[in-house]
Amino acid sequence: NLNSLYDIIGIPFGYLMRLIYFICKNYAVSIILFTIVTKLLLFPVNYKTQKSAARMQLLNPKLEKLKKSFGSNQQRLQEEQQKLYAQEGINPMASCLPAFIQMFLLFGVIDVVYKPISHILGISKSVITEAAERASSLAGGLGINGGKTFLSNNLRSELFTMEAIRKKPDGFSGLAENFAQKVSEFSEKFTIFGANLGKTPEIHPDTWNKESIILFCIPFLAGLAQLLVSIYSQIHQKKTNANIQGGGCMAVMMYGMPLLSIWFAFQVPAGIGFYWIWSSVFSFLITFALNCYFTPERTEAIAEKEKEKARIYAEKHPEKKTFMQRVMEQQAALNEQNGSAGGSGGKISRSEQNKQNRDKLKEARKRMAEKYGDDYDESDDDED
């Protein structure tokens with residue numbers, strides 16, 4: 001259940017956001033500081049990912065040589081690539097785990113941004129649920145969520161509830177924990193330059209005023225920040241890997257993701273788009289800094305240290321096998337199994353291979369003849 005996952009991971013991030021808000025008393029500033037702190041917490045993960053990517057880029061010339069030498073024999077190419085990875089002490093899957101951790105923690109960050117009533121005000125779940133049910137019943141008349149009702153466990157239900165309280169506060173009277181007053185007071189600080197971040201930006205607002213203009217700009221700033229990240233990533237990839245292909249696909253991603261960000265930011269409360277802006281900006285700064293840090297010279301020095309560390313570890317723990325050693329053994333076992341299935345010893349001569357091909361062709365002709373009711377003479381095949 002995704003909602004349960006959001007709740008579990010969101011708890012520690014929620015305490016962090018509450019602490020930051022308690023200090024600065026402004027939600028927009030809190031989002032910026034929260035984004036900075038979470039990016040710093042995730043920095044070790046980003047560092048490992050970038051280091052792994054830099055080492056793989058350093059290895060690209062050797063991998064290209066292997067492709068030229070064994071490109072016609074995929075099995076041999078895979079074996080040689082795995083040997084190279086083992087020699088260099090590189091796990092080509094190393095960047096996957098940090099990326100997974102980062103994606104996993106992102107659930108918590110999103111949960112905090114979408115649920116300010118729970119994480120910042122600390123109101124009980126039962127009261128929030130009751131308030132969300134009231135907001136859902138008022139959605140049609142207030143134009144919330146496109147005029148559609150929503151469930152209390154909807155990820156955006158708290159933001160919809162805040163919008164409903166702002167538009168019709170008397171609809172939430174009588175709720176426990178002084179709910180309506182707390183949320184109304186919080187909504188006043190849920191702003192950026194006077195624009196309420198609980199509101200959803202509109203392309204055609206009823207009135208063009210200061211607030212509607214600010215809200216209108218947020219989705220485009222989110223898209224622009226995403227475009228900055230995409231363009232920089234593509235430039236860096238071309239610079240570090242001249243042989244990279246898939247230009248058309250990369251162009252779609254480069255312009256498609258920012259456009260998607262703009263569209264989506266018009267569908268959600270402005271607080272989410274505001275978070276995306278700063279998340280993209282800080283991601284760009286961190287990526288840029290790490291790319292500057294991992295120069296070819298520094299990466300080569302790191303690679304030598306990693307190889308030496310792997311060698312010492314292997315000497316001290318000969319019974320333990322590295323990831324690449326296990327992969328190579330599994331590949332060798334698979335090759336041996338396939339070879340045994342093809343004939344004794346796993347290798348056959350060219351004449352034996354030709355005979356096998358002729359037998360397969362003969363069998364195919366026989367089946368075709370049976371299917372269409374034709375006469376089949378094996379002597380015709382023997383003459384080929």
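**Exercise 1. Placing a phenylalanine**

In which helix is the place of Phe288? Once you have found it, classify the residue by accessibility and relate it to Ser233.

*Solution.* Keep in mind as you work that this is a predicted model.
- Step 1: Look along helix α12, which covers residues 270-293; Phe288 has its place there.
- Step 2: Turn to accessibility. Phe288 has 39% relative accessibility. Partly exposed lies between the 20% and 50% cut-offs, so Phe288 counts as partly exposed.
- Step 3: Compare sequence with space. Ser233 and Phe288 are separated by 55 residues in sequence, while their C-alpha atoms are 9.2 Å apart.

**Exercise 2. A threonine and its neighbours**

Is Thr161 buried or exposed? Find its helix and list what it touches.

*Solution.*
- Step 1: Locate the residue. Thr161 is part of helix α8, residues 157-167.
- Step 2: Check its relative accessible area, which is 1%. Buried means under 20%, so Thr161 is buried.
- Step 3: Collect the contacts, leaving aside residues up to four places away in sequence. Thr161 then touches three alanines, Ala131, Ala132 and Ala135, along with Phe172 and Phe179.

**Exercise 3. A patch on the surface**

Which residues make the nonpolar surface patch of about 320 Å²? Look at how Val29 fits in.

*Solution.*
- Step 1: Pick out the members: Val29, Leu33, Ile36 and Leu40 make this patch.
- Step 2: Place Val29, which is found in helix α2, residues 27-41.
- Step 3: Test whether Val29 can belong. Patch residues need over 30% relative accessible area. Val29 has 38% and is partly exposed, so this residue passes that cut-off.

**Exercise 4. Cysteines**

How many disulfides does the count come to? Then classify Cys24 and Cys292 by accessibility.

*Solution.*
- Step 1: Recall that a disulfide is a covalent bond between the sulfur atoms of two cysteines.
- Step 2: Apply the cut-off, a pair of cysteine sulfur atoms within 2.5 Å. The count comes to zero.
- Step 3: Classify the two cysteines. Cys24 is partly exposed at 24% relative accessible area, and Cys292 is also partly exposed, at 45%.

**Exercise 5. The whole chain**

What does the secondary structure of the chain come to? Add the burial, contact and surface figures.

*Solution.*
- Step 1: The secondary structure comes to 16 helices and two strands.
- Step 2: The chain has 384 residues, of which 36% count as buried.
- Step 3: Among contacts with a separation of 6 or more, 69% join residues 24 or more positions apart.
- Step 4: The exposed area is about 23,000 Å², with 58% supplied by carbon and sulfur atoms.

Methods
Residues numbered from 1 in each chain as written. Predicted model: local features only at pLDDT ≥ 70, side-chain atom pairs only at ≥ 80, totals over all residues. Heavy atoms only, no water. Helix = DSSP H or I, 4+ residues; strand = E, 2+ residues; numbered from the N terminus. Buried < 20%, exposed > 50% of the residue type's maximum accessible area, 1.4 Å probe, protein only. Contact = heavy atoms within 4.5 Å. Areas by Shrake-Rupley, 256 points an atom, 1.4 Å probe, with all protein chains shown as cover. Patch = residues over 30% accessible without salt bridge, like charges linked within 9 Å, V, L, I, M, F, W, Y side chains within 5 Å. Salt bridge = Lys/Arg side-chain N within 4 Å of Asp/Glu carboxyl O.
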